[in-house]
Amino acid sequence: MSIISRLFLGLLLVSASLLFVPGGDAYGAEPKVTRVDPAVRNGKLEIDADIEFELNQQLRDAAQRGVPLYFTADLTMTRERWWWFDKSLVDTSRTWRVVYNALTRQWRAGVGELSFPVASLDDAMSVIRHIRNWPVADAGDFDQGVLYGGQLRLRLDTSLLPRPFQVNALNSSSWAQGTPWTDFSFMLSDKEKDPS
């Protein structure tokens, strides 16, 4: 066997073995909602939720170059009806913005126009991963002892990205990050409905 054919065979074996090696980010944990906890506080139904959501390297690079990233949590709540379609009680969303200012070297995270400084991209993502005290409806809209269902998801909102990145997001699967819809159910007790 000549040296050229040995070299070719060796390269073929190495490239074939690389096909079966996991690629890090591509095989990471899939984003998912791990906990949804509806609670009544001050006459409002509020949502607390925990979400596993890691950014891939392409999104991290874009954020570190100053591209603002938008994350939207979508929430629906329904009451089951045996005689018709389920009654929709809540259909809302909340959007967070994470941005890095290269001049001040500061990360900011927040909802809408309100944002606050954070130490790093991971700290900004922690704000989004741990949703707390999100008011979604008046507690008076819900009856005691009735089972309600809901769905929650979190997604990278590519529609709010700058135009060139929207085009890139359409052509690249790394910009299409989000959790699947996660079902949950809850029932208000007498004490939650009327805390007095």
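The following exercises, each with a worked solution, concern a predicted model of a single structure.

**Exercise 1. Confidence**

State the mean pLDDT of the chain, and identify a stretch where the pLDDT is below 50.

*Solution.* Step 1: the chain has a mean pLDDT of 84, and 81% of its residues reach 70 or more. Step 2: residues 16–27 have a pLDDT below 50. Step 3: beyond near neighbours in sequence, the stretch 16–27 has three contacts in the model.

**Exercise 2. Helix H2**

Determine which residues of helix H2 are buried, how they are arranged around the axis, and which elements they pack against.

*Solution.* Step 1: H2 spans residues 57–64, and its buried residues are Leu 59, Arg 60, Ala 62 and Ala 63. Step 2: viewed down the axis of H2, these residues fall within an arc of 165°, so they line one face of the helix. Step 3: the general background is that an α-helix has 3.6 residues a turn, so residues three or four places apart point the same way. Step 4: the buried residues of H2 pack against the strands E3 (69–79), E4 (87–101), E5 (106–111) and E8 (147–156), and against helix H3 (121–129).

Now describe the two ends of H2.

*Solution.* Step 1: at the start of H2, a side-chain oxygen of Asn 56 comes to within 3.3 Å of the backbone nitrogen of Gln 58. Step 2: after H2 comes Gly 66, with a positive phi near 100°.

**Exercise 3. Helix H3**

List the buried residues of H3 and find the arc that they cover.

*Solution.* Step 1: Leu 121, Ala 124, Met 125, Ile 128 and Arg 129 are the buried residues of H3. Step 2: around the axis they cover an arc of only 140°, which puts them on the same side of H3.

**Exercise 4. Positive phi outside glycine**

For Asn 42 and Arg 105, give the phi value, the location and the exposure.

*Solution.* Step 1: Asn 42 is not a glycine, yet its phi is positive, at about 55°. Step 2: Asn 42 is found in the loop between strand E1 (32–41) and strand E2 (44–52), and it is exposed, with a relative accessible area of 81%. Step 3: Arg 105, also a residue other than glycine, has a positive phi near 55°. Step 4: Arg 105 lies in the loop between E4 and E5 and is exposed, with a relative accessible area of 68%.

**Exercise 5. The nonpolar core**

Name the members of the largest nonpolar core that touch the most other members, and follow the contacts of Met 77.

*Solution.* Step 1: the core has 45 residues, of which Phe 71, Leu 75, Met 77, Val 136, Phe 142 and Leu 152 touch the most other members. Step 2: E3 gives the most to this core, with five residues. Step 3: leaving aside neighbours within four places in sequence, the contacts of Met 77 include Leu 45, Ile 47, Val 136, Phe 142, Phe 184 and Phe 186.

**Exercise 6. Two loop residues**

Is Asp 157 buried or exposed, and which residues does it touch?

*Solution.* Step 1: Asp 157 lies in the loop between E8 and helix H4 (163–171). Step 2: its relative accessible area is 8%; since buried means under 20%, Asp 157 is buried. Step 3: a polar contact of 2.6 Å joins its side chain to that of Ser 159. Step 4: not counting residues up to four places away in sequence, Asp 157 touches Tyr 70, Phe 71 and Thr 72.

Locate Gly 145 and describe its surroundings.

*Solution.* Step 1: Gly 145 is found in the loop between strand E7 (130–138) and E8. Step 2: the C-alpha atoms of Gly 145 and Phe 186 are 9.4 Å apart, while the two residues are 41 residues apart along the chain. Step 3: not counting residues up to four places away in sequence, Gly 145 touches Met 187 and Leu 188.

Conventions
Residues are numbered from 1 along each chain as its sequence is written. This is a predicted model: local features need pLDDT of at least 70, side-chain atom pairs count only at pLDDT 80 or more; totals for chains, interfaces and linings use all residues. Side-chain values use heavy atoms; hydrogens and water are left out. Buried means under 20% relative accessible area, exposed over 50%, partly exposed in between (1.4 Å probe, protein chains only). Helices (H or I, at least four residues) and strands (E, at least two) are DSSP runs, numbered from the N terminus. The arc is that of the directions from the helix axis to the C-beta atoms. Contact means heavy atoms within 4.5 Å. A polar contact is a pair of N or O atoms within 3.5 Å; within protein, one must be able to donate a hydrogen and the other to accept it, and residues adjacent in sequence count only if both atoms are side-chain atoms. A nonpolar core is a set of buried Ala, Val, Leu, Ile, Met, Phe, Trp, Tyr and Cys residues joined through side-chain atoms within 4.5 Å. pLDDT is the predictor's confidence in each residue, from 0 to 100.
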